[in-house]
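Subject: The structure, and what turned up in it

Hi,

Here is the structure I promised to pass on. Have a look first, and then read on for what I found in it.

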Amino acid sequence: MRVRDLRSSCLAGFLYSALLYGGVLSIVHVIHSGLGSTRDALLTFAALGLMYGLWGAATFGVGWLLARFRLERGLFLGVLLFNLMFWVPYWVYGLTYDEVPFGRPSGPGGMLAYAVGLAFVVAVAVAVVSRFLVRAFEAVGGRGWLMKAAGACFVALLAIHAAAPLYAGKERMGMVREAEASPRPPQIRVEDTGLEVVLVGLDGADWQVLQPMIDRGELPAFAAMMRRGVSGELRPFPHANSSGLWASIYTGALPSRHGIKDFYRVRVAGMGSDGFYPVHQVYTKEMAGLLEKVGLARRATVSRYSLDAPPIWEIADRAGMSIGVVDGYFYSFPALKPSRPESFFLAYGLDGFNAQLGRGGGVRDASLFAQPVRLFRRVRSLLERGDFYWQSATLLDLLKEGQPRFVNLYTHQPDVYYHWYWKWLQPRYYPGVTPEAAAENAGKVRTLHRDFDGFLAELREQVGPDTVIIVASDHGHSPTILQTDSYSQHWHGPPGILLMDGGPVKKGLALRGSHVLDVFPTLCYLLGLPVPEDAPGKVLLHALDQEFVRRHPVRTIPSYQGLGMSPGIPGVRTGSGLDEAELEKLRSLGYL
């Protein structure tokens, strides 16, 4: 009797969680990822249904045990436990001080009080809904309709998944038809503005760290940029991480246009596409790891192949400009073979590639990471220095041979340090931080920023006076004590930094209202490229000398979407062999 009741309880848990959670969340993932294939949508349903169903079966089994083998009470406890485990962490885990609606608490006590209060409210709401659901199940079951209702729900979910790709893939199919209707790429007419542009991307850099150091005189190059040029906050769009934000900075497009929704996709066995992007805070990321362990799925990080819009360096290269790229986040892999001989391109993951070669494994094709390939031998001795240090040393060395018209350097180093050390940067928000520990660990962050400053000083000395240097970050940070593997978060969208100086940039101006989407059209304008009309951002004309703006009015082009993949990128999708290393890095930062 007890074995039968346990089996019934686990079956109820499987059906409840697989259909109500797995089925609904599967539809969310299909639409979120723009899956255009019914087969892929149904495989997503199968994967998420299986994951949540097994979790629900185990939870309902525990509920049955806690109810001392009473099936009806065990059903309620199973529903309650599952809902609590899902919804309380959904609302509370990773919550930052800046997300508290009545203002940032002054310390950990206030933050904990808010979190406990929020968790209590969520728990009460979950208990009420759980009681209602169980009574509804009992009413339907009393009429003998429960399995029929579950079957009808299953059939309805199958039908929705079969039809969902018609909606989910509509925008992407529209882009494909648009490209097919204009088989010839747009003609790019370049105006000579007399300017070179250097974009320095400092992932996650925040004025909360920079401004106090500037005020204390520790960052003279940053201070000089503020005096000579313009500075201000750079607003991201909320509910996006660095993968989507940098894709928008480099392409000027929204995620719905450039297609990047996360750091990686989950490809279930049998899928014809690259898979679905996991949606945050619904446990899909953790469960996908379990599917991967048993061989039912594979996680692959995004790359240039994932990007549905051309990045700025490809547009400049196609327009005949010289370019120099030292890392452009995931979207610089595989390395573009530039059209001009004086250009250079070092892709994201070059240091990891070098490390794999040293261990005798991984991909062995250096051309995927360095163009021209001879540069790999030239910079190999620098690759042991760590992310920012090899990147900055390499760029300064390569610029000695000539300055390309457009230069890009990206480093993930600030974001890594902020996630690891924010506790000691703002110790008042964390319990048990000693002054000695705060001084030691905050000192590591300050040292890194002084190194950034030294690089910017050398860069300004090395480039010409008509070079516009733009320093930008995709987001800022906010403290959290409610995440086990990270001391800061930015899911809600705290602002990043923006500095510009050189050439026609105004002096000493404080910028207001700038957005990450404004970086791309501003880059196009400064380089003399036409600004795409379908770009949602704006050229930061108010940051520039108005005489320069008068001489060089903004020119437009309908879109750069028709450019397609550059012929200088390998046509075969070759994996970097670095997925596991990149996933481990994301795991260490709290993204997985």
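Let's begin on the outside. Helix α5 (residues 146-168) gives three residues to a nonpolar surface patch, the largest share of it. The members of that patch are L42, F154, V155 and L158, and together they have about 310 Å² of accessible area. F154 is in helix α5, and its relative accessibility of 40% puts F154 in the partly exposed class. Before you go further, please keep in mind that this is a predicted model.

There is a charged patch as well. R68, R70, R73, R131 and R135 make up a positive patch on the surface. If you want one residue to click on, take R70, in the loop between α2 (38-66) and α3 (71-92). R70 is partly exposed, at 48% relative accessible area.

Now for the inside. Helix α9 (residues 242-251) is the one to look at: 10 of its 10 residues are buried, so the rest of the structure largely encloses this helix. In order, the buried residues are S242, S243, G244, L245, W246, A247, S248, I249, Y250 and T251. What lies over them? The cover includes the strands β1 (196-202), β8 (406-411) and β9 (467-472), along with the helices α10 (255-258), α12 (312-318) and α18 (519-527). After α9 comes G252, which has a positive phi, near 75°.

Helix α11 (residues 284-293) has buried residues too, namely T284, K285, M287, A288, G289 and L291. Here again a glycine follows: G295 comes after α11 and has a positive phi, near 80°.

Next, the charged pairs. As a reminder, side chains of opposite charge can pair when their charged atoms come close. How many salt bridges does a search of the whole structure find? The count is 16. Here are a few you may like to look up:

- R304 with E314: the closest N and O atoms are 2.4 Å apart. The pair links distant parts of the chain, with R304 in the loop between β4 (297-301) and α12, E314 in helix α12, and the two positions 10 residues apart. Both partners are buried, R304 at 3% relative accessibility and E314 at 2%.

- D518 with K538: the closest N and O atoms are 2.9 Å apart. D518 sits in the loop between β13 (509-515) and α18, and K538 in the loop between β14 (531-532) and α19 (546-551), so this salt bridge ties together parts that are 20 residues apart in sequence. D518 is buried, with a relative accessible area of 4%, whereas K538 is partly exposed at 39%.

- R551 with E547: the closest N and O atoms are 3.9 Å apart. Both residues belong to helix α19 and are four residues apart, about one turn of the helix. R551 is partly exposed at 47% relative accessible area, and E547 is partly exposed at 37%. Elsewhere, R216, E218 and R450 are joined into one network by salt bridges that share partners.

One arginine has no such partner. R405, in the loop between α15 (387-399) and β8, is buried yet has no salt bridge. Which side chain of opposite charge is nearest to R405? That is D192, 4.5 Å away, and a salt bridge needs a nitrogen and a carboxyl oxygen within 4 Å. Leaving out residues up to four places away in sequence, R405 touches V190, E191, D192, T193, L195, E196, V197, M321, S322, L527 and G528.

Last, a residue that brings us back to E314. S566 is in the loop between β15 (556-557) and α20 (579-588), and S566 is buried, at 3% relative accessible area. Setting aside neighbours within four places in sequence, S566 contacts E314, R318 and L336. E314 is also the salt-bridge partner of R304. S566 and I315 are 251 residues apart in sequence, but their C-alpha atoms are 8.7 Å apart in space.

Happy to go through any of this with the structure open.

Cheers

Note on methods:
Residues numbered from 1 in each chain as written. Predicted model: local features only at pLDDT ≥ 70, side-chain atom pairs only at ≥ 80, totals over all residues. Heavy atoms only, no water. Buried < 20%, exposed > 50% of the residue type's maximum accessible area, 1.4 Å probe, protein only. Contact = heavy atoms within 4.5 Å. Patch = residues over 30% accessible without salt bridge, like charges linked within 9 Å, V, L, I, M, F, W, Y side chains within 5 Å. Areas by Shrake-Rupley, 256 points an atom, 1.4 Å probe, with all protein chains shown as cover. Lys, Arg positive; Asp, Glu negative; His and termini not counted. Charge placed at Lys NZ, Arg CZ, Asp CG, Glu CD.
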